[in-house]
Amino acid sequence: MGVQRGALEGFYRLIMRRNSVYVSFIIAGAFFGERAVDYGVHKLWESNNVGKRYEDISVLGQRPIEE
């Protein structure tokens, strides 16, 4: 129990002691968390839809050659 208390005290001293640091930590965490979730969902969607996307259909993905 002493290890957990020490970790929480260290977290408090590092992040939560000053309001400006705490708010910056929350904003940065939300930004990077959103980017990570967006990337993960995009990759999951692409892996589930291989062969069904516009780019995967050879006839539709080609543009006519203009002369």
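What follows is a short chat about side-chain contacts in this predicted model.

Visitor: Before we start, which pLDDT do local features need here?
Guide: Residues are numbered from 1 along each chain as its sequence is written, and side-chain values use heavy atoms, with hydrogens and water left out. As this is a predicted model, totals for chains, interfaces and linings use all residues, side-chain atom pairs count only at pLDDT 80 or more, and local features need pLDDT of at least 70.

Visitor: How many aromatic pairs does the structure hold?
Guide: Rings of Phe, Tyr and Trp (its six-membered ring) pair if their centres lie within 6.5 Å; planes under 30 degrees apart are stacked, over 60 edge-to-face, and the rest tilted. With that rule, the structure's count of aromatic pairs is two.

Visitor: What geometry do phenylalanine 11 and phenylalanine 25 have as a pair?
Guide: Their ring centres sit 6.1 Å apart, with 75° between the planes. Planes over 60 degrees apart count as edge-to-face, so this pair is edge-to-face.

Visitor: And how many residues apart are phenylalanine 11 and phenylalanine 25?
Guide: Helices here are DSSP runs (H or I, at least four residues; strands are E, at least two), numbered from the N terminus. Phenylalanine 11 belongs to helix 1 (residues 2-16) and phenylalanine 25 to helix 2 (residues 19-48), so the pair links distant parts of the chain. The separation is 14 residues.

Visitor: In the pair of phenylalanine 31 and phenylalanine 32, is phenylalanine 32 buried or exposed?
Guide: That pair is edge-to-face too, at 5.2 Å centre to centre and 75° between the planes. Buried means under 20% relative accessible area, exposed over 50%, and partly exposed in between (1.4 Å probe, protein chains only). Phenylalanine 31 has 47%, so that ring is partly exposed. Phenylalanine 32 has 57%, so the class is exposed.

Visitor: Switching to charges, how many salt bridges are there?
Guide: Side chains of opposite charge can pair when their charged atoms come close. The cut-off used is a side-chain nitrogen of Lys or Arg within 4 Å of a carboxyl oxygen of Asp or Glu. By this rule the count is three.

Visitor: Which residue forms a salt bridge with glutamate 9?
Guide: The partner sits four residues away in helix 1, which means about one helical turn of separation. At 55% relative accessible area it is exposed, while glutamate 9, at 33%, is partly exposed. The closest N and O atoms are 3.7 Å apart, and the partner is arginine 13.

Visitor: Which residues are joined into one network by salt bridges that share partners?
Guide: Glutamate 46 meets lysine 43 in a salt bridge at 3.9 Å, N to O, and those two are three residues apart in helix 2, about one turn. Arginine 53 also forms a salt bridge with glutamate 46, with the closest N and O atoms 3.7 Å apart. The shared partners make one network of Lys43, Glu46 and Arg53.

Visitor: Asparagine 49 lies in the loop between helix 2 and helix 3 (58-61); which residue's backbone oxygen lies 2.9 Å from a polar atom of its side chain?
Guide: Asparagine 49 has a relative accessible area of 17%, so it counts as buried. The 2.9 Å distance runs from a polar atom of the asparagine 49 side chain to the backbone oxygen of tryptophan 45.

Note on methods. A polar contact is a pair of N or O atoms within 3.5 Å; within protein, one must be able to donate a hydrogen and the other to accept it, and residues adjacent in sequence count only if both atoms are side-chain atoms.
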